[in-house]
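I opened the notebook today to record how some helices pack and what surrounds the ligand. The entries follow the order in which I looked things up.

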Amino acid sequence: MAKDVIVACDFASADETIKFLDKVTRIRDEVVACDHVNLAKRPFVKIGMELFYAEGPQIIKTLKDRGHKVFLDLKLHDIPNTVKKTMQVLGSYGVDMVNLHAAGGIEMMEAAKAGLMLGAARFSEKPKLIAVTQLTSTDEEIMHRELLIDKPLDEVVRQYALNAKEAGLDGVVCSAFEAAEVHDFCGADFLTVTPGIRLSKDGADDQKRVMTPAEAKAAGSDYIVVGRPITAADKPSDAYAEVVEAFL
Ligand code: C5P
């Protein structure tokens, strides 16, 4: 199973993103050169709403042309027909991973998968479709008090993951705390993509449930998504190297 560190490029512009990636890519070259793991040379990056809406699809082409794998994190959540057509467009961009909210239900997720595969028909390597279970900024108290979901958090995550699997998705975005349970319920091949990662010295920012890269590895995460611990570090390249060495 491919494991990798996905760097969340939560920047406002393509310029800022490329400047940042130039720094961490050099480190990737060094780590990959002396490592046994067979990885793409460029860091796997995550493009979120801010950058995608600011720069449009060109940002994906720019990153793909530079050799990066791209996780397009737009977290779709709408009626099945709208999500299907939108996923078809996203699939045509050649993204490697894309996501939606499992809260949209099984029919929406099935429609998303069908649309994505139509859009990506010309690519031999098909994009992974991943469902968000609960945002890592949401805790059980928020779920109970604001969302009126009175089940325990782990039960909700488990059910959403099972729904995603039933709909034919490749995996879920979840907290690393839930990775082992998701694998138990949905199988070892069902991918767990886990944000909410912090180097031990970091503060949690707005994340409620956090783990270090080494803890996430031990918990069985397939991909960790790391943003501010790298992007806001004094030396992003050192922080990236530390994360990669601890996780891979
Ligand atoms: O900076 P930080 O490491 O907290 O960034 C985490 C990234 O993962 C952000 O881009 C955030 O949008 C994303 N994410 C998350 N929780 C989810 C899904 C995505 O934090 N459930």
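Entry 1, α7 and α8. I looked up helix α7 (residues 153–166) and helix α8 (residues 179–186), and found that they pack at an angle of about 45° with their axes 10 Å apart. I noted that helices are DSSP runs of H or I with at least four residues, numbered from the N terminus, and that axes are lines fitted to C-alpha atoms over the stretch in contact, with angles running from 0 to 180 degrees between N-to-C directions. The two helices are therefore oblique to each other, a word kept for angles that are not under 35 degrees (roughly parallel), over 145 (roughly antiparallel) or 65 to 115 (roughly perpendicular). The crossing of α7 past α8 is right-handed, that is, the near helix is turned clockwise from the far one by less than a right angle.

I then listed the contact (heavy atoms within 4.5 Å): Asp154, Val157, Arg158, Ala161, Leu162 and Lys165 of α7 meet Glu181, Val182, Phe185 and Cys186 of α8. Sorted by class, this contact has six nonpolar, no polar and four charged residues, where Ala, Val, Leu, Ile, Met, Phe, Trp, Tyr, Cys and Pro count as nonpolar, Asp, Glu, Lys and Arg as charged, and the others, Gly among them, as polar.

Entry 2, how far to trust this. I wrote down that this is a predicted model, in which local features need pLDDT of at least 70 and side-chain atom pairs count only at pLDDT 80 or more, while totals for chains, interfaces and linings use all residues. Residues are numbered from 1 along each chain as its sequence is written, and side-chain values use heavy atoms, with hydrogens and water left out.

Entry 3, α5 and α7. The axes of α5 and α7 come within 9 Å and cross at roughly 40°, and that makes α5 oblique to α7. In α5, Ile106, Met109 and Glu110 meet Asn163, Ala164 and Glu166 in α7, and these residues divide into three nonpolar, one polar and two charged.

Entry 4, α4 and α5. Helix α4 (residues 80–92) and helix α5 (residues 106–119) have axes that come within 7 Å and cross at roughly 30°, so I recorded them as roughly parallel to each other. Their crossing is right-handed.

Entry 5, the ligand. Which residues come nearest to the ligand? Of the 17 residues around it (a heavy atom within 4 Å), they are Asp10, Lys46, Arg198, Gly227 and Arg228. A side-chain N or O atom of Asp10 is 2.7 Å from a ligand oxygen atom, and for Lys46 I also noted 2.7 Å from a side-chain N or O atom to an oxygen atom of the ligand.

How values were computed. A polar contact is a pair of N or O atoms within 3.5 Å; within protein, one must be able to donate a hydrogen and the other to accept it, and residues adjacent in sequence count only if both atoms are side-chain atoms.
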